Amino acid sequence: MQQLQVPQARQAGYRVHADIYSTILYTDDQLRRYFETVEKAPWYADTIFIVTGDHRLPEIPMDAHIDRYHVPLIVFSPLLKQPRRVRAVSSQLDVTPSLVALLSNTYGLQRPGHTAWLGTGLDMSGSFRNLHQLPLQQTKTSAPEFLAGPWWLHDGQLYELQDGMHLSPEDDAEVRDWAMQRLQRYQQANAGFMRRMALMPEDLTALVAYSAAPAAPHADTAPTVAGLSMASAEVVAKPDGVQLTAVFSSGDPRPSRLFVPLAIMFNAAGKEVQEVYGKVLQLPPGGSQQVQLQLQLPADCDGRCYVSVFPSDPDNGKAVGQGRYHLLVDAGTTVEEL
């Protein structure tokens, strides 16, 4: 931990799971040794490497159930011109369609004219979003959960998937029914496969050349929920503390519900160290308002803290709309959003 410059405040939490984190360090070290070895191979310069995992380590406590599926996807090749961080959501189901499209477009590989893929290709957007519709199954005996656009179904409950892979409960019967229909459509197709034991009809297996024609717009766009959201949020460390500037907006055709801007600060170990409330607000139809909140920078932040901000219920403090989460406050100089 000293070599990795882990802040002192976080070290105790890591020591509790020393056996688990030691396997992570071992894996990182083996990946380093692997790339040092293959770098000498003649095929290295023309190779694309995909590094990912199939689930998160459940032995380490999770903030939300969706964390189980939150894994990294690293695409590496000596042919890459520059590094890039992709914030859009994709899954392992999207890797093969993208690689086949690349080989077909660049090298003339003939590909199937029709496929049974559930993935639609990697989304390379630099901003957070999800355009995919896909099932996720925790175990081979559990019922699948479903992610469709910004909506997540878990045990029949509807959640909104927000930046930072956070879930916010939603109570919208129309959107829930829409997501349930997508899940049921997948289950019906899966049941059909189990009856026929064939993914594709035999007469649809012909190979075709790459076509650069633009894809038709997706007709199954996820519905949106009117309500409170945040157009932007920024935290800036200053000598006298932290200044949070957030813009709240309403998509309702009528005045919004009453809400309180709520900012919560966490230290690097994930412990809540501070809460700051703004005044009770109500936005006009389609309106927006900028809010500024001042936070202190406690000593146990050890030079680094995180801030989450969202519209909250004036009575119980629970989120009542879309927020921004895990905004990094670097007490040194700059601030960035993770």
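Ile 48 is partly exposed, with a relative accessible area of 38%. That residue lies in the loop that links α2 (18–38) to β1, in what is a predicted model. Leu 283 is a loop residue too, found between β13 (272–277) and β14 (288–295), but Leu 283 is buried, at a relative accessible area of 2%. Here's a quick tour of both spots, plus a helix and some strands.

**Ile 48 and its greasy patch**

- Why does Ile 48 count as partly exposed? Its 38% falls between the cut-offs, because buried means under 20% and exposed means over 50%.
- Ile 48 helps make a nonpolar surface patch of about 420 Å², together with Ile 50, Leu 73, Val 75, Leu 99 and Leu 102.
- Strand β2 and helix α3 each chip in at least two residues of that patch.

**Helix α3**

- Helix α3 covers residues 95–107, and its 13 residues should span 18 Å at 1.5 Å a residue. Its end C-alpha atoms are 18 Å apart, so the model agrees with the expectation.
- Which residues of α3 are buried? They are Val 95, Pro 97, Val 100 and Ser 104.
- Those buried residues pack against three strands: β1 (49–52), β2 (73–76) and β3 (111–112).
- Residues three or four places apart in an α-helix point the same way, because there are 3.6 residues a turn.
- Right after α3 comes Gly 108, with a positive phi near 75°.

**Strand β7 and its two partners**

- Strand β7 (residues 157–162) is mostly covered, with 5 of its 6 residues buried.
- On one side, β7 pairs with β6 (residues 151–154) in the antiparallel sense, over 4 bridges. The two form a hairpin with 2 residues between them, and Asp 155 in the turn has a positive phi of about 55°.
- β7 also runs antiparallel to β8 (residues 166–169), again joined by 4 bridges. This hairpin has 3 residues between the strands, and Gly 164 takes a positive phi near 90°.
- Which residues does Glu 160 stand opposite? Glu 160 of β7 faces Trp 151, and Glu 160 also stands opposite Ser 168 in β8.

**Leu 283, tucked away**

- Why is Leu 283 called buried? Its relative accessible area is 2%, and buried means under 20%.
- Beyond its neighbours within four places in sequence, Leu 283 touches several residues, including Leu 228, Phe 248, Pro 255, Phe 259 and Gln 289.
- Leu 283 and Asp 252 are 31 residues apart in sequence, with their C-alpha atoms 9.3 Å apart in space.

Terms used:
Residues are numbered from 1 along each chain as its sequence is written. This is a predicted model: local features need pLDDT of at least 70, side-chain atom pairs count only at pLDDT 80 or more; totals for chains, interfaces and linings use all residues. Side-chain values use heavy atoms; hydrogens and water are left out. Buried means under 20% relative accessible area, exposed over 50%, partly exposed in between (1.4 Å probe, protein chains only). Two strands pair if DSSP finds at least two bridges between them. The expected span of a helix is 1.5 Å times one less than its number of residues. Contact means heavy atoms within 4.5 Å. Patches are made of residues with over 30% relative accessible area and no salt bridge: like charges are joined within 9 Å, nonpolar side chains (Val, Leu, Ile, Met, Phe, Trp, Tyr) within 5 Å. Accessible areas come from the Shrake-Rupley method with a 1.4 Å probe; for residues, only the protein chains shown count as cover. A salt bridge is a side-chain nitrogen of Lys or Arg within 4 Å of a carboxyl oxygen of Asp or Glu.
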